[in-house]
Amino acid sequence: MTKDLLDVLSALERKVLWLAAWMIHEANHVRENVDGLKVGGHQASSASLSTIMTALYFHVLRPQDRVAVKPHASPIFHAIQYLLGRQTREKLAAFRGYKGAQSYPSRTKDTDDVDFSTGSVGLGVAQTLFASLVQDYVHDHGFAGDRPPGRMIALVGDAEMDEGNIFEALLEGWKQGVRNCWWIIDYNRQSLDAVVREGLWEQYEKLFRAFGWDVVILKYGVLLEEAFRKPGGDTLRAWIDHCPNQLYSALTFQGGAAWRRRLADDLGDQGPLGAMLDALSDDDLARLMTNLAGHDLPTLLEAFGKIDHDRPTCIIAYTVKGHGLPLAGHKDNHAGLMTSAQMEILRNAMKVRPGHEWDFFEGLSLPESDLRAFLASVPFAQGGPRRFHAARIDVPAELEVEIAPTMSTQQGFGVLLNAVGKQRSDFADRIVTTSPDVTMSTNLGAFVNRRGLFARQPMVDTFKSERIPSTLTWEFSPKGQHMELGIAEMNLFILLSALGLSHALFGARLFPIGTLYDPFVCRGLDALNYACYQDARFILVGTPSGITLAPEGGAHQSIGTPLIGMAQDGLAAFEPSFVDELAVILGFAFDYIQRDGDGEPSERTWLRDETGGSVYLRLSTRPVEQPQRIMTPELRQGIIDGAYWMRKPGPNCQVVVAYTGAIAPEAIQAVGLMAEDRRDVGLLAVTSADRLNAGWTAASRARERGLPHARSHIERLLAEVPPHCGIVTVLDGHPATLAWLGAVAGHRTRPLGVEHFGQTGALPDLYRHYGIDANAIVAAAQAIAPGRPIRYLKAL
Ligand SMILES: Cc1ncc(C[n+]2csc(CCOP(=O)(O)OP(=O)(O)O)c2C)c(N)n1
Ligand SMILES: [Mg+2]
């Protein structure tokens, strides 16, 4: 480590700190008249990582390394990318503004090469662990070419460690033999509200070691270490080691004079130590006492340089929240914002002239040419773009499936994947399945038997080698295609997020499929949201679902998931009734998750289908009689667009029944039961309320913006329905899912569904109890579609 390097890095750290402070200042003070809302500071929170990030990005990192940056360190991240030529001044000046640099690093909204979106604390941390597992997966399968493996690094807030999903990930990482993963804890001993408890680091240390991680504790910088070695230094070390976090923070905020008073009070006249401290000015004393390792470049560089192995490593680095700023150490500094007067003091200290705030080299004492040469040679910024574009993989135009006369969509899913598993193709080889301990019970078993489980080290299935009959072979190898997960659903979604970004992170296209019981989608919802937010691509299968999982019991019912499917951005939700529909949808999904166009919405559906996204399939274990029919191109298109007429309404139609999913037999039966008393009854099969609704909303918006001919799929379908006709909608889920159909063309509508939760029972009892059986559909039809009494109801 040369002095030149240290000089350049400390100059850059100053610059980064200044740029971050200035961008937040601009966001607040310059633009505060726009809406009167202050956007908060986070100056302090980002400053505590300024030194660590300077060391990493300008010296330690390589292009193949990937980093999840603590959300509030976003300004530091953007400032660094700016200096590396990957961020524009305009975006920095518009920090937190419309189309400006984002408040939290965002893969999709930022343009400066964010590896993982963060913001919901805890998720980015776990994502690095799963990304390192995925890195191993793609290397072992030969999908990564000759690209060297990188280190997956999380910059973690100390209070962020409260999030339970981090510990779930740790346990999973231990099981899977995680490596090439660093978690650097920004140990500033402050959260949002307060100062953290004493001795937290010891708990972290024990915990990480218990999970097989190396732990490196970086506490003091070279100035303090040097002082400790001088006569009386032991006393100083003992004092600072025992100094409570709150007091340390308060003194840091107060500065040199306060340190001097306190040390004198606590230590009295300590001979050589007193002389050493007396010799220092107030500023130098403050600098000494806050010389923590997380702000000491030599200590950081040495520590990072020493990690020459691939073992997972936790680095606990002591830092100061608000380092280098007048907010340093104050317990209320999280949202704190420097005043204009304080900014002027910082400006003077940084030697930045008004009007030159964004200039790269303003105020730095090193020659500009040296700094330019250094920036041009930063290892992290060598080579081309770090975000890869993996080629599209051909997927079969049609998925083969043998449909039994009666079967469930979940069974159909198993049969379809089994057939894919038999194929010898690049497509089939790139499927990777995963499930949180419900592999068997979600019908992934046949695929797993064919393709095996993934682990870097082969592991035999002892039951198999002992010749004990079992339906499932649980054999691990580096070529296996199923990633076993423990029950934690958060881990499922974070793994799907990592697998689903493999094309961009590692240049290796995968087709990730994750299965879980539908109600537990809610358990991992925030992770699912973040996976979609960062545009990870995967297929999620929620099965079984609704109250239709009756024998599974009331506690496993899912009601709101169809609404989640509709509302979740980046996720196209489908709920097929029949296996031929599922085959079409799954085939579509394999293509859809690979799309990355940015064109206009389709003029047929008004869906942004070119852009693609992830896919959610809500399936069922209910055996349903399958229709014998030919899959015409028109039917196929209807299934994908979200709906088709199972029975077209005639010109005098009085009632339409619109249904989704496993409840199809009840809808079909109800239509039959009222055929004699209501004319031309229509039956609308809705395979995706989500896509229908999205198309309708987009087409409406297009009309409002001056495209009068814009029509969505559902508008075309309902245009055939006479205005006086009533619509009964029904699904095994919340009735709001389809209730909006009435607003499309102004038809009177009665939405049926499930609003209450938790009753166990056999299917007919439950459907009756919740009012979604044929009888309830007919009764609803009678209520909203005037006409003679429906005989069937009288007969009951
Ligand atoms: C899931 C979630 N809950 C709450 C928040 C609000 N929040 C943002 S930062 C923070 C505390 C941060 O403390 P720490 O991780 O120690 O970072 P520091 O500010 O000290 O750098 C909280 C509670 C959030 N972003 N995400
Ligand atoms: Mg903190």
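1. Is Asp158 buried or exposed? At 2% relative accessibility, Asp158 falls under the 20% cut-off and therefore counts as buried. Keep in mind throughout that this is a predicted model. Asp158 is a good place to start, as both ligands involve this residue. A polar atom of its side chain lies 2.6 Å from an oxygen atom of ligand 1. Asp158 is also listed among the protein donors of the magnesium ion, ligand 2.

2. The metal site comes next. The protein donors of the magnesium ion are Asp158 through OD, Asn188 through OD1 and Gln190 through O. They lie 2.0 to 2.2 Å from the ion. Along the chain, the donors follow the spacing D-x29-N-x1-Q. Asp158 sits in the loop between β2 (152–157) and α7 (164–176), and Gln190 in the loop between β3 (181–187) and α8 (200–210), so this pair ties together parts that are 32 residues apart in sequence.

3. The other two donors deserve a check on burial. Gln190 has 3% relative accessibility and counts as buried. Asn188 is buried as well, with a relative accessible area of 5%. Asn188 lies in the loop between β3 and α8. Its side chain reaches the backbone nitrogen of Gln190 at 3.0 Å. Leaving aside neighbours within four places in sequence, Asn188 is in contact with Ser48, Asp158, Thr319, Val320 and Lys321.

4. Now ligand 1. It is surrounded by 18 residues. The closest are Lys70, His72, Asp158, Gln190 and Lys321. By class, the shell holds 3 nonpolar, 9 polar and 6 charged residues. Two of the names also appear as donors of the magnesium ion: Asp158 and Gln190.

5. The polar pairs at ligand 1 can be listed by atom type. A polar side-chain atom of Lys321 lies 2.7 Å from an oxygen atom of the ligand. For Asp158, the partner is also an oxygen atom of the ligand, at 2.6 Å. For Gly119, a backbone N or O atom lies 2.9 Å from a nitrogen atom of the ligand. On its own, ligand 1 has 590 Å² of accessible area, and the protein covers 75% of it.

6. Helix α26 (residues 579–592) holds Leu586. Leu586 is buried, with a relative accessible area of 0%. Beyond its neighbours within four places in sequence, Leu586 is in contact with Leu399, Leu416, Ile539 and Leu617. Leu586 and Val615 are 29 residues apart in sequence, and their C-alpha atoms are 8.9 Å apart.

7. Asp591 is found in helix α26 too. At 17% relative accessibility, Asp591 is under the 20% cut-off, so it counts as buried. A polar contact of 2.3 Å joins its side chain to that of Arg392. Not counting residues up to four places away in sequence, Asp591 touches Arg392 and Val395.

8. Arg147 is a case of partial exposure. Its relative accessible area is 31%, and it is partly exposed. Arg147 is placed in the loop between α6 and β2. A polar atom of its side chain lies 3.1 Å from the backbone oxygen of Phe506. Arg147 touches His139, Phe388, Phe506 and Gly507, not counting residues up to four places away in sequence. Arg147 and Gly507 are 360 residues apart in sequence, yet 9.1 Å apart in space, C-alpha to C-alpha.

9. Some backbone geometry should be noted before any setup. The peptide bond from Thr543 to Pro544 is cis, with omega near -5°. Pro544 belongs to the loop between β12 (539–542) and α25 (561–567).

10. Two residues other than glycine have positive phi. For Asp113, phi is near 70°. Asp113 is found in the loop between α5 (89–93) and α6 (123–140), and counts as buried at 14% relative accessibility. For Trp606, phi is about 65°. Trp606 lies in the loop between α26 and β14 (614–618), and is buried with a relative accessible area of 10%.

Methods. Residues numbered from 1 in each chain as written. Chains lettered and ligands numbered in written order. Predicted model: local features only at pLDDT ≥ 70, side-chain atom pairs only at ≥ 80, totals over all residues. Heavy atoms only, no water. Near = heavy atom within 4 Å. Polar contact = N/O pair within 3.5 Å; in protein donor to acceptor, adjacent residues only side chain to side chain. Areas by Shrake-Rupley, 256 points an atom, 1.4 Å probe, with all protein chains shown as cover. Nonpolar A, V, L, I, M, F, W, Y, C, P; charged D, E, K, R; others polar. Donors = N, O, S within 2.8 Å, 3.2 Å for Na, K, Ca; no water. Helix = DSSP H or I, 4+ residues; strand = E, 2+ residues; numbered from the N terminus. Buried < 20%, exposed > 50% of the residue type's maximum accessible area, 1.4 Å probe, protein only. Contact = heavy atoms within 4.5 Å.
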